[in-house]
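Welcome! Keep the sequence and the model side by side, and try each exercise before reading its solution.

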Amino acid sequence: MDQLKNLLTVAPDRIRSAIDLEALKEVENDLLGRKSLIAESRRSLASLPPEERPATGARLNQANEQLTALIAARRAELERAVEDDLLLGDRVDVTLPARALGSGWHHLVTQTLEEVADIFVSLGYGVVTGPEVDTAWHNFDALNTPPTHPARLESDTMYVGYGDPDDELLLRTQTSTMQVRYMEQHDPPVYIVAPGRCYRTDTLDATHSPVFHQIEGLAVDEHITMADLKGTLAYFMREFLGSERKIRLLPHFFPFTEPSAEMHVSCFNCDGSGCRVCSGSGWIELLGCGVVDPHVLEAVGYDSAKYSGFAFGVGAERLAMVRHGINHIKHFFENDSRVLRQFS
Ligand SMILES: [Zn+2]
């Protein structure tokens with residue numbers, strides 16, 4: 001009975017300190033198993049004097065019940081803890097910031113073309129697009145470019161075959177093809193811009209690529225002069241590059257305009273004082289333009305005595321390079337997301 005008393009003194013602590021269900025099972029085995037004090041005492045009841053048996057038996061039963069209840073309580077506690085652990089492991093922390101889903105954005109070339117188009121749309125121009133494979137007629141002949149012109153050589157132009165025996169098919173070298181296509185279908189007045197992809201047999205260098213993008217502008221109306229061209233381009237440049245950039249027009253030659261000019265802008269890098277980017281001149285060539293040659297108007301059946309017009313063509317990559325200080329045209333085509341992300 002002394003042993004039982006001792007057991008009942010230490011057992012509750014042992015049960016409570018069972019760290020997990022396995023440990024509790026061991027404790028239970030010690031306290032209530034076949035070799036436990038209580039089991040062995042029960043087996044030896046028969047050896048006691050008959051008058052002591054009922055009281056001793058009752059005490060053993062009481063101790064057994066007491067310990068069983070304590071073990072059951074601890075087991076319930078441990079099972080709850082296991083369940084809590086599982087729930088904790090599966091818990092979703094709704095306060096964690098969500099992983100950002102990368103959304104796309106337009107390529108810088110597309111952004112540039114759209115921004116230029118928007119500026120001209122605000123002036124009342126329409127936007128037209130057309131085929132990248134076009135006829136030599138639309139790309140050259142109708143634009144007053146004679147059969148002997150060097151731009152028509154395969155060293156400059158990529159030919160893809162014949163539409164009909166007299167008219168070769170080519171990858172357009174300029175979006176000026178859309179001037180012709182539009183004027184064939186519409187009577188004056190004409191105010192359009194034509195953005196799109198162009199191809200030339202150029203070797204890749206810092207500013208040239210065999211594939212590039214151009215936006216062409218054309219205005220045909222009564223009394224259009226070089227002054228209208230200059231005013232329109234000055235407005236365009238102010239809107240696109242900001243008012244601090246200076247522009248100048250230098251005489252040039254294009255088959256489809258007369259007079260023709262090249263427009264330069266003051267260098268973005270040195271602001272006109274001269275640097276490596278502008279080859280020391282302080283200016284960067286940006287676009288070609290001019291008053292539409294009467295032959296071009298006549299080629300599409302316009303009355304060149306009544307109507308006149310101006311046209312310009314500008315490369316989208318070049319515009320973006322000048323505006324953002326990008327030093328090589330390859331950045332537009334390599335599609336390195338670290339570069340492109342800067343313009344997202
Ligand atoms: Zn410069």
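What pLDDT does the chain average, and what share of the residues score at least 70? The chain averages 89, and 99% of the residues score at least 70; pLDDT is the predictor's confidence in each residue, from 0 to 100. This is a predicted model, in which local features need pLDDT of at least 70, side-chain atom pairs count only at pLDDT 80 or more, and totals for chains, interfaces and linings use all residues. Residues are numbered from 1 along each chain as its sequence is written.

**Exercise 1. Find where confidence is lowest and highest in the chain.**

Step 1. Learn the labels: helices (H or I, at least four residues) and strands (E, at least two) are DSSP runs, numbered from the N terminus.
Step 2. Go to strand β3 (residues 159–164), where confidence is lowest, at a mean of 80.
Step 3. Compare β1, where confidence is highest, at 96.

**Exercise 2. Locate the domains and state how far apart their centres are.**

Step 1. Mark domain 1 at 2–89 and domain 2 at 108–343; these bounds come from an automatic or database domain assignment.
Step 2. Take the centres over C-alpha atoms: 95 Å separate domain 1 from domain 2.

**Exercise 3. Describe how α4 packs with α1 and with α2.**

Step 1. Two packed helices are described by the angle between their axes and the distance between the axes. Here axes are lines fitted to C-alpha atoms, for helices over the stretch in contact, and angles run from 0 to 180 degrees between N-to-C directions.
Step 2. Helix α1 (residues 2–16) meets helix α4 (residues 53–89) at about 10 degrees, with the axes 9 Å apart. That makes α1 roughly parallel to α4, since angles under 35 degrees count as roughly parallel, over 145 as roughly antiparallel, 65 to 115 as roughly perpendicular and the rest as oblique.
Step 3. Among the residues making this contact are Leu4 and Leu8 of α1 and Leu67 and Ile71 of α4; residues are in contact if their C-beta atoms, placed from the backbone, lie within 7 Å. By class, the contact of α1 with α4 has 9 nonpolar, no polar and 3 charged residues. Ala, Val, Leu, Ile, Met, Phe, Trp, Tyr, Cys and Pro count as nonpolar, Asp, Glu, Lys and Arg as charged, and the others, Gly among them, as polar.
Step 4. Turn to helix α2 (residues 21–32), which packs on α4 at about 175 degrees with the axes 10 Å apart. That makes α2 roughly antiparallel to α4.
Step 5. The contact of α2 with α4 includes Leu24 and Leu31 of α2 and Leu67 and Ile71 of α4. Its residues divide into 7 nonpolar, 2 polar and 3 charged.

**Exercise 4. Trace the open sheet of 7 strands and the helix that packs on it.**

Step 1. Follow the order β1-β5-β6-β10-β9-β8-β7, which has mixed pairing; two strands pair if DSSP finds at least two bridges between them.
Step 2. Find the edges, β1 (126–127) and β7 (247–254), each pairing on one side only.
Step 3. Look at β7 and β8 (residues 257–266), which run antiparallel and are joined by 7 bridges. His252 stands opposite Ser260 in β8.
Step 4. Add helix α10 (residues 316–324), which touches β6 (211–222), β8, β9 (283–292) and β10 (307–315). The directions of α10 and β10 make about 65 degrees.

**Exercise 5. Spot the backbone features at Pro189, Pro259 and His223.**

Step 1. A cis peptide bond with omega about 5 degrees joins Pro188 and Pro189, and Pro189 sits in the loop between α7 (177–185) and β5 (190–199).
Step 2. Another cis bond runs from Glu258 to Pro259, with omega near -5 degrees; Pro259 is found in strand β8.
Step 3. His223, in the loop between β6 and α8 (226–241), has a positive phi of about 65 degrees although it is not a glycine.

Terms used
Two residues are in contact if their C-beta atoms, placed from the backbone, lie within 7 Å.
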